[in-house]
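Here are some exercises to work through with the model open beside you. Try each task before you read its solution.

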Amino acid sequence: MQIDILTIFPEMFEGPFRHSIIKRAADKGIARIRIVNIRDFATDRHRRVDDYPYGGGAGMVMMIEPISRCIEHLKQESEYDEIIYLSPDGDLLDQRMANWYSTRERILLLCGHYKGIDERIREHIITREVSIGDYVLSGGETAAMVFCDAVIRLVPGVLNDETSALSDSFQDNLLSPPVYTRPGDFRGMRVPDILLSGNDREIEEWRMQKALERTKARRPLLFGPEPGEGNP
Ligand code: 6GU
């Protein structure tokens with residue numbers, strides 16, 4: 001899988017993707033992230049990527065020309081499965097959507113800024129808008145990082161122990177059960193006896209029970225009819 005991220009702040013991605021799961025995925029050659037600087041595709045000598053809004057008003061708007069040139073250039077390599085604009089107006093990212101994109105080959109993520117991007121980009125170039133939650137971020141970059149983390153860790157072979165993704169919160173619409181490690185007794189706070197019993201079947205039942213209890217108590221709406229097949 002390859003994810004191309006278009007941004008005017010490429011330095012923002014230097015930290016997060018050099019660590020942890022995403023780095024491991026890249027090292028294994030399973031999932032690659034490429035950061036593309038939109039400014040490299042600006043058409044004027046000032047390398048402008050934003051301009052004043054028609055009709056007036058505060059804030060700048062990202063121009064269609066550099067973004068269009070950039071995407072046309074990248075498309076010469078191969079077509080994208082999806083060209084995503086990260087925006088609070090978009091479809092909400094959830095585990096189901098992350099699973100869907102973990103099975104795609106090539107995705108483009110466009111990070112917007114300022115007041116927004118020229119509407120014609122959204123109408124004619126973007127194939128989907130995705131939001132990571134009902135709050136406003138100052139730009140799409142942090143949302144792109146969240147998207148990549150949620151998706152790439154699900155690509156088969158990325159996690160060492162494949163079952164660890166299967167037992168994630170949400171993977172079966174359940175929150176995860178509590179976990180403990182040493183010491184067994186910290187100032188009188190004891191690890192549940194069942195986990196020390198060595199009875200694998202009972203431990204599994206206990207974990208399922210706790211996952212159900214926790215989901216009902218904290219996220220009752222996660223219980224519900226399964227959505228249908230297809231592009232979520
Ligand atoms: Cl994807 N972008 C921005 N700017 N704000 C957001 C968001 C995305 N998702 C939630 N808020």
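**Exercise 1. Decide whether Arg-153 is buried, partly exposed or exposed, and find its surroundings.**

Solution. Please keep in mind that this is a predicted model.
- Step 1: Start with the accessibility. Arg-153 has a relative accessibility of 19%, and buried means under 20%, so Arg-153 counts as buried.
- Step 2: Place the residue in the fold. Arg-153 sits in the loop between helix 5 and helix 6.
- Step 3: List the partners. Setting aside residues up to four places away in sequence, Arg-153 touches Ile-21, Cys-148, Val-158, Leu-159 and Asp-168.

**Exercise 2. Put Ser-169 into its class by relative accessible area, and locate it in the chain.**

Solution.
- Step 1: The relative accessible area of Ser-169 is 25%. Partly exposed lies between the limits of 20% and 50%, so Ser-169 is partly exposed.
- Step 2: Ser-169 belongs to the loop between helix 6 (163–166) and strand 9 (185–186).
- Step 3: Not counting residues up to four places away in sequence, Ser-169 touches Leu-174, Leu-175 and Ser-176.
- Step 4: Now look along the chain. Gln-95 is 74 residues apart from Ser-169, and their C-alpha atoms are separated by 9.0 Å.

**Exercise 3. Describe the largest nonpolar core and say which elements build it.**

Solution.
- Step 1: Begin with the background. In soluble globular proteins, nonpolar side chains tend to be buried together.
- Step 2: Here the largest nonpolar core has 32 residues. Those with the most contacts inside it are Ile-3, Ile-5, Leu-109, Phe-147, Cys-148 and Ile-152.
- Step 3: Two or more residues of this core come from each of strand 1 (2–7), helix 1 (20–27), strand 5, helix 3 (95–101), strand 6 (106–111) and helix 5 (141–152). Helix 5 gives the largest share, seven residues.
- Step 4: Zoom in on Ile-152. Leaving aside neighbours within four places in sequence, Ile-152 is in contact with Met-1, Ile-3, Ala-25, Ala-31, Ile-33 and Val-158.
- Step 5: Another core, of 21 residues, lies apart from this one; among its members are Met-62, Tyr-80, Ile-83 and Ile-121.

**Exercise 4. Work out what surrounds the ligand, and which residues offer polar atoms to its nitrogen atoms.**

Solution.
- Step 1: Collect the shell. The residues around the ligand are Leu-86, Ser-87, Pro-88, Val-130, Ser-131, Ile-132, Gly-133, Tyr-135, Leu-137, Gly-139 and Ala-143.
- Step 2: Sort them by class. The shell has seven nonpolar, four polar and no charged residues.
- Step 3: Check the distances to ligand nitrogen atoms. Ser-131 brings a polar side-chain atom to 3.3 Å, while a backbone N or O atom of Ile-132 lies at 3.0 Å. For Leu-137, a polar backbone atom is 3.1 Å from a ligand nitrogen.
- Step 4: Consider the cover. The ligand taken alone exposes 290 Å², and the protein buries 95% of that.
- Step 5: Trace the shell to its elements. Strand 5 (82–92) and strand 8 (128–131) give two or more residues, and strand 5 gives the most, with three.

**Exercise 5. Summarise the whole chain in numbers.**

Solution.
- Step 1: Count the elements: the chain has seven helices and ten strands.
- Step 2: Take the overall dimensions. The C-alpha trace spans about 70 × 40 × 40 Å along its principal axes.
- Step 3: Look at burial and surface. Of the 232 residues, 41% are buried. The accessible surface comes to about 13,800 Å², with 50% of it belonging to carbon and sulfur atoms.

Conventions
Residues are numbered from 1 along each chain as its sequence is written. This is a predicted model: local features need pLDDT of at least 70, side-chain atom pairs count only at pLDDT 80 or more; totals for chains, interfaces and linings use all residues. Side-chain values use heavy atoms; hydrogens and water are left out. A residue is near a molecule or strand if one of its heavy atoms lies within 4 Å of it. A polar contact is a pair of N or O atoms within 3.5 Å; within protein, one must be able to donate a hydrogen and the other to accept it, and residues adjacent in sequence count only if both atoms are side-chain atoms. Accessible areas come from the Shrake-Rupley method with a 1.4 Å probe; for residues, only the protein chains shown count as cover. Helices (H or I, at least four residues) and strands (E, at least two) are DSSP runs, numbered from the N terminus. Ala, Val, Leu, Ile, Met, Phe, Trp, Tyr, Cys and Pro count as nonpolar, Asp, Glu, Lys and Arg as charged, and the others, Gly among them, as polar. A nonpolar core is a set of buried Ala, Val, Leu, Ile, Met, Phe, Trp, Tyr and Cys residues joined through side-chain atoms within 4.5 Å. Buried means under 20% relative accessible area, exposed over 50%, partly exposed in between (1.4 Å probe, protein chains only). Contact means heavy atoms within 4.5 Å.
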